[in-house]
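Please open the model in your viewer and keep the sequence panel beside it. The tour below suggests what to select at each stop and says what is to be found there.

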Amino acid sequence: MSRLRLAAGLVITGLMLAVALLSLVWTPFPPDAIDMTQRLAGPGSTHWLGCDHLGRDTLSRLMVGARSAWLVGLVAVGLGLIGGTALGLLAAATRGAVETVILRASDLGFAFPALLLAIVLAAALGPGMLIAIAAIGLHAIPSFARLVNGSAKSWWARDFVQASRAAGQSRWAITLTHILPQLMPLLIVQGTTQFALAILAEAGLSYLGLGTQPPQASWGRLLAEAQTLMFEAPQLAMAPGIAITVAVLGLNLLGDGLRDWLDPKEQAR
Amino acid sequence: MTDEVRPAPALRAGPQASSTALLRVRGLQVWLPAPRGAWLQALHGVDLDLDRGESLALVGESGSGKTMTALALMGLLPQGARMSGQIELDGQPLQTLDDTAWCALRGRRMAMVFQEPLTALNPLQPILAQVMEPIQVHRLAPDRTATRARAMELLEQVGLESRMAAAYPHQLSGGQRQRALIATALAAAPDLLIADEPTTALDARLRVQMLALLQSLVADRGMGLLLISHDLALTARRVQRLAVLYGGRLMEQGPAAELLERPRHPYTQALWAARPRLGAGRDQPLHPLPGSVPALGQTGAGCPFAPRCPLAQPRCGEQPPAWDGGLACWEVGP
């Protein structure tokens with residue numbers, strides 16, 4: 001069962017990545033090409049998924065949306081992962097006052113709604129994809145920091161870490177050579193899960209107009225544009241909606257599958 | 001094994017043997033933080049002396065403070081613990097060192113073999129990498145190739161085959177892991193080796209082997225060996241000096257041969273009498289020590305052994321006996 005989850009997650013995520021990469025070199029139509037004669041065209045042999053209210057090809061825009069999703073996911077999760085891991089490791093290595101400050105700041109970060117953060121950033125710097133990425137990434141830092149801190153502390157208590165200290169290794173070197181490698185499975189799984197959350201968050205922010213701006217395409221943007229045409233052309237909302245659902249499902253399956261696969265205790269069962 | 005007392009041969013003194021003692025500990029006290037701001041005293045003033053080429057066994061039951069002593073010497077007491085007293089290594093006081101100075105000292109000047117060979121090795125690193133670590137930390141070899149060669153040499157010295165170098169800890173047996181740990185501790189050629197129950201996790205047959213290995217290595221290098229053990233019978237004949245610890249206080253200290261021939265402190269006597277004897281016949285009863293070790297913070301004002309001591313008088317429970325002539329006892333004066 002866990003093998004099946006892992007396989008399904010890999011296939012869906014791989015497919016999504018392939019589509020995103022393909023959109024860099026080829027889409028059926030240019031994603032911004034307006035063709036008023038095809039306005040709100042239904043799915044057919046030329047435009048497989050139909051066209052929007054400006055006659056732009058939905059499939060092409062969906063493919064570009066996959067690229068946006070990957071961009072947001074990678075950069076935002078990268079920001080959260082690197083920032084959060086660094087803070088969590090620092091807190092675990094130093095303990096005392098530094099740890100207290102980092103953990104309390106994380107609590108503060110948790111208490112601060114992601115949406116509010118995005119609105120503040122958008123108000124200050126103007127809305128855009130970068131703002132969405134920054135807001136999502138910043139908001140992921142506390143959860144990574146707390147997770148890494150907790151796990152790193154349990155590794156610090158191990159005999160082999162104490163043995164390394166007894167050999168004269170400094171805290172920072174121990175953090176890099178003995179602690180960080182143990183956290184890799186955890187970071188991979190958490191990173192995958194956060195990736196799914198980032199895609200959802202980007203869609204939400206773009207839908208609200210705080211993220212990706214027209215004419216750029218993202219799944220959230222496509223949903224927002226389709227909203228007013230819900231009854232005339234429901235396929236316009238369905239296409240990005242299904243894409244988001246499948247992508248998030250695939251990433252969660254991948255995360256669960258990886259967790260079971262990387263955890264030796266799970267495997268023994 | 002016979003009951004004859006055979007002291008270990010004196011070890012060859014190292015090249016840098018000098019007049020100052022290698023290790024000198026005076027009045028070492030350690031407090032551990034307890035809930036609600038309370039403090040539990042784990043060590044009540046421990047004195048130890050150790051020279052180069054000498055081996056000292058610190059013996060006591062579980063909970064007597066042996067490991068706390070070792071951790072205090074290495075500067076690795078748990079977070080929040082407090083310490084007082086003097087620790088000198090080659091005349092250099094250690095209690096004032098900062099973190100950087102400790103890192104330069106640990107592994108290089110004194111190293112430690114940990115109790116559990118199973119958990120004291122990093123599961124994600126091959127054995128060789130772990131033996132190389134102290135050499136790299138203290139920059140004792142010019143490059144990676146030399147570091148590698150030196151680590152391979154160490155593995156050979158502790159009796160591990162070269163094909164074990166690439167193995168991960170889970171692929172080795174308990175004895176092999178313990179050998180790897182010893183190699184790691186010796187990697188930076190320390191002057192003082194602290195071995196915390198290095199044989200407890202091993203089979204009986206391996207224990208003797210491992211102690212013999214430790215001793216020959218220490219003798220070859222002219223190091224000082226502080227052997228921590230709960231097993232008086234196993235260690236007593238293999239070291240030159242014995243220190244008996246109980247409830248965080250030293251009970252008796254002296255040359256091993258003398259101490260075993262004429263144990264003066266009632267606790268040493270009881271500990272020695274309680275050892276199982278091979279070939280003693282099955283109708284020979286064991287002599288267990290009645291009662292149990294006091295928990296941390298449960299020791300009274302006086303001698304911690306008083307509640308279990310056959311010679312105890314009222315004053316034993318009221319005031320701790322002074323440390324006098326290698327003995328701390330009210331009833332058995334020097």
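## Where the two chains meet

Begin by selecting the contact between the two chains, to which chain A gives 16 residues and chain B gives 23 residues. As you look, keep in mind that this is a predicted model. On the side of chain A that touches chain B, helix 6 (159-166) and helix 7 of chain A each supply at least two residues. Helix 6 of chain A provides the largest share of that side, with seven residues. If you colour the side of chain A that touches chain B by residue class, you will find five nonpolar, seven polar and four charged residues.

## Chain A as a whole

Next, show chain A alone as a cartoon, in which there are 10 helices and zero strands, so that the pattern read along the sequence is α-α-α-α-α-α-α-α-α-α. The C-alpha trace of chain A spans about 75 × 45 × 30 Å along its principal axes. Of the 269 residues in chain A, 45% are buried. Among the contacts in chain A with a separation of 6 or more, 70% are between residues 24 or more positions apart.

## Two helices of chain A

Now select helix 5 (residues 129-156) and helix 7 (residues 171-207) of chain A, which pack with their axes 10 Å apart and at an angle of about 155°. Because angles over 145 degrees count as roughly antiparallel, helix 5 and helix 7 of chain A are described as roughly antiparallel to each other. The crossing in which helix 5 of chain A passes helix 7 of chain A is right-handed.

To see the contact itself, show side chains on both helices: helix 5 of chain A contributes residues including Ala132(A), Ile136(A), Phe144(A), Trp155(A) and Trp156(A), while those from helix 7 of chain A include Ile179(A), Leu183(A), Gln190(A), Glu202(A) and Leu205(A). By class, this contact of helix 5 with helix 7 of chain A holds 15 nonpolar, five polar and one charged residues.

## The sheet of chain B

Turn to chain B and select its open sheet of four strands, whose order is 2-1-4-5 and whose pairing is antiparallel. Strand 2 (39-50) and strand 5 (92-93) of chain B are the edge strands, each pairing on one side only.

Moving inward from strand 2, select strand 1 (residues 23-33) of chain B, which runs antiparallel to strand 2 of chain B and is joined to it by nine bridges. Within this pair, Leu28(B) has Val46(B), in strand 2 of chain B, as its bridge partner. The hairpin of strand 1 and strand 2 of chain B has five residues between the strands, and in it Arg36(B) takes a positive phi near 60°.

Then add strand 4 (residues 82-89) of chain B, which pairs with strand 1 of chain B in the antiparallel sense over seven bridges. Here Arg82(B), in strand 4 of chain B, stands opposite Trp31(B).

## A stop at Ala81(B)

Select Ala81(B), which lies in the loop between helix 1 (66-74) and strand 4 of chain B. Is Ala81(B) buried or exposed? With 17 C-beta neighbours inside 10 Å, Ala81(B) counts as partly exposed, since a residue is called buried at 20 or more such neighbours and exposed at 12 or fewer. Leaving aside residues up to four places away in sequence, Ala81(B) touches Val30(B), Trp31(B), Leu32(B) and Pro33(B). A distance label drawn between the C-alpha atoms of Ala81(B) and Ala42(B) should read 9.8 Å, although 39 residues separate them along the chain.

## Two helices of chain B

Finish with helix 3 (residues 127-137) and helix 4 (residues 144-157) of chain B, whose axes come within 9 Å and cross at roughly 120°. That angle makes helix 3 of chain B oblique to helix 4 of chain B, and the crossing of these two helices is right-handed. Show the side chains where they meet: Leu128(B), Val131(B), Met132(B), Ile135(B) and Gln136(B) of helix 3 of chain B face Thr147(B), Arg148(B), Arg150(B), Ala151(B), Leu154(B) and Leu155(B) of helix 4 of chain B in this contact. Coloured by class, the residues of the contact of helix 3 with helix 4 of chain B divide into seven nonpolar, two polar and two charged.

Definitions and conventions: Residues numbered from 1 in each chain as written. Chains lettered and ligands numbered in written order. Predicted model: local features only at pLDDT ≥ 70, side-chain atom pairs only at ≥ 80, totals over all residues. Axes fitted to C-alpha atoms, helices over the stretch in contact; angles between N-to-C directions. Parallel < 35°, antiparallel > 145°, perpendicular 65-115°, else oblique. Left-handed = near helix turned anticlockwise from the far one by under 90°. Contact = placed C-beta atoms within 7 Å. Nonpolar A, V, L, I, M, F, W, Y, C, P; charged D, E, K, R; others polar. Pairing = 2+ DSSP bridges.
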